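Biologist: I would like to go through this structure with you, one question at a time. Please begin with the term we will need for the space inside the protein.

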Amino acid sequence: MASPLRALIHGGGIGGLTLATALAGRGHLVEVAELCEELDALGVGIIQPSNALHVMREIGVLDDCLAAGFVWDALTICDPAGAVLAKIPQPRMGDVPSNNGIPRPALAKLLARAATAAGAVIRFGSTITELTDDGAGVEVTLSDGSTGRWDLVIGFDGIGSPLRRRLYGDRYAPEYTGFANWRVTVPRAPEVGGVLMSAGNRAAKALLTPITDELMYLGAVFAEAEDFRPDPERAHEQLAERLADFGGPVAEALTEVTDPAAVVYSRISQVTVEEPWHVGRVVLAGDAAHASTPHLAQGAAMAVEDALVLALTLDAEPSVPAALAAWETRRRPRAMWVQSMSRAVLKQETGTPTTPEDDELLRTGIPGAAHVLVQPY
Ligand SMILES: Cc1cc2nc3c(=O)[nH]c(=O)nc-3n(C[C@H](O)[C@H](O)[C@H](O)COP(=O)(O)OP(=O)(O)OC[C@H]3O[C@@H](n4cnc5c(N)ncnc54)[C@H](O)[C@@H]3O)c2cc1C
């Protein structure tokens with residue numbers, strides 16, 4: 001499409017800000033409605049695998065990501081006592097690094113800077129209150145009272161997506177897997193020069209992920225009741241109780257965890273929108289359309305791939321409806337593969353019974369998946 005499009009992005013998270021940067025950088029008129037008053041991404045880190053870094057390069061922020069994070073290129077597998085079992089080199093997509101760990105707040109800030117520099121307007125503290133798609137455009141009222149007419153509206157509003165509820169009712173509520181992730185940022189131990197995964201007993205898995213020269217985060221997955229919440233006074237002790245069987249670097253990292261408020265607890269859920277991801281000129285992307293468990297560290301990578309491919313497809317196709325259909329045809333198989341694979345790995349690691357389809361995927365394994373995911377998106 002030649003003329004500039006007017007695009008409203010609902011949600012200024014990782015995917016939404018990537019899309020804002022990609023679209024505004026191509027001359028489109030972009031606003032982002034973000035519910036939070038400020039960028040208050042959780043104070044833990046995230047892994048940007050090579051395919052995500054490739055997208056960061058395409059939108060012009062690769063160097064910023066690498067400067068704010070910690071590049072690593074091998075996954076170390078240990079037994080629960082901390083003895084190294086294997087060191088697995090990680091593949092690259094093209095000539096970008098294989099992985100970068102980065103603090104989430106740093107990533108949020110650099111993406112917001114890039115989106116604004118490209119010309120996008122970010123409206124913090126705002127959300128859609130009314131939306132009418134008349135086929136030729138979408139009339140939207142925001143919570144700040146402003147109104148506008150948009151060529152398309154993109155829901156990058158996360159796993160709990162209010163826009164998804166507006167489009168599909170309660171048909172796609174997040175499904176709790178029965179497992180939860182505990183994360184806490186600690187000083188980086190010098191021997192943690194890449195992700196260190198301590199596994200081998202079926203009760204738990206623990207990961208150490210470097211996110212800067214000085215910091216790493218300790219992450220651990222356990223079966224938890226759906227209504228369980230850590231005790232705000234002793235979350236650090238509850239985490240230590242769960243990791244009591246671990247030795248080596250994980251046990252050493254735990255000695256640094258003394259503040260219960262620093263422990264971030266997230267239930268692991270997933271969502272798949274099985275109907276088309278767009279209804280008229282309103283489309284869902286990222287976690288809103290296809291949230292997966294974090295077992296491949298690919299959720300945000302899929303969101304940023306969705307964003308870049310959507311910007312490219314809008315440029316290539318003759319109309320918004322044609323672009324949304326073409327985009328989904330390209331994105332759905334890859335996002336669904338990541339979701340199925342992530343879920344299969346969760347089952348394998350936790351001793352949950354697997355299906356024949358899971359077993360087929362598990363033959364690829366996490367190292368094999370990394371090779372699949374450095375293929376073009
Ligand atoms: C424990 C854990 C570890 C993970 N680790 C990794 C990893 O290492 N690597 C990786 O690639 N992925 C990882 N993920 C997945 C990743 O965090 C998500 O897939 C990614 O954040 C999705 O991006 P998104 O833009 O779709 O949604 P989000 O990043 O969730 O952004 C949604 C945005 O929408 C906003 N919003 C919500 N409601 C409204 C509203 N009503 N109006 C306006 N705005 C609204 C939110 O405030 C937020 O800013 C992990 C996930 C978990 C749970």
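Modeller: A cavity is a set of grid points where a 1.4 Å probe fits but cannot get out. Keep in mind that this is a predicted model.

Biologist: What volume does the largest cavity have?

Modeller: The structure holds 1 cavity of 30 Å³ or more. The volume of the largest cavity is about 50 Å³.

Biologist: Which element gives the most to the lining of the largest cavity?

Modeller: Residues that line the largest cavity include Ile14, Gln48, Met56, Leu107 and Val304. By class, this lining has 10 nonpolar, 1 polar and no charged residues. At least two lining residues come from each of β3 (45–49), α2 (50–58) and α9 (299–316). The element that gives the most, with 4 residues, is β3.

Biologist: Why does Cys36 form no bond with Cys65?

Modeller: A disulfide is a covalent bond between the sulfur atoms of two cysteines. A search of the whole structure finds 0 disulfides. For Cys36, the closest cysteine sulfur is in Cys65, and the pair is too far apart for a bond because the distance is 20 Å.

Biologist: Which residue in β11 does Glu139 stand opposite?

Modeller: Strands of a sheet pair through backbone hydrogen bonds, either parallel or antiparallel. Here 3 strands form an open sheet in the order β9-β10-β11, with antiparallel pairing. Strand β10 (residues 138–142) pairs with β11 over 4 bridges. Opposite Glu139, in β11, stands Arg149.

Note on methods. Residues are numbered from 1 along each chain as its sequence is written. This is a predicted model: local features need pLDDT of at least 70, side-chain atom pairs count only at pLDDT 80 or more; totals for chains, interfaces and linings use all residues. Side-chain values use heavy atoms; hydrogens and water are left out. Two strands pair if DSSP finds at least two bridges between them. A disulfide is a pair of cysteine sulfur atoms within 2.5 Å. On a 1 Å grid over the protein atoms alone, a cavity is a set of points where a 1.4 Å probe fits but cannot get out, and a pocket is an open set with protein on both sides within 12 Å along at least five of seven lines; lining residues have an atom within 4 Å of a point. Grid points are joined across faces, edges and corners, and a volume is the space filled by probe spheres set on the points. Ala, Val, Leu, Ile, Met, Phe, Trp, Tyr, Cys and Pro count as nonpolar, Asp, Glu, Lys and Arg as charged, and the others, Gly among them, as polar.
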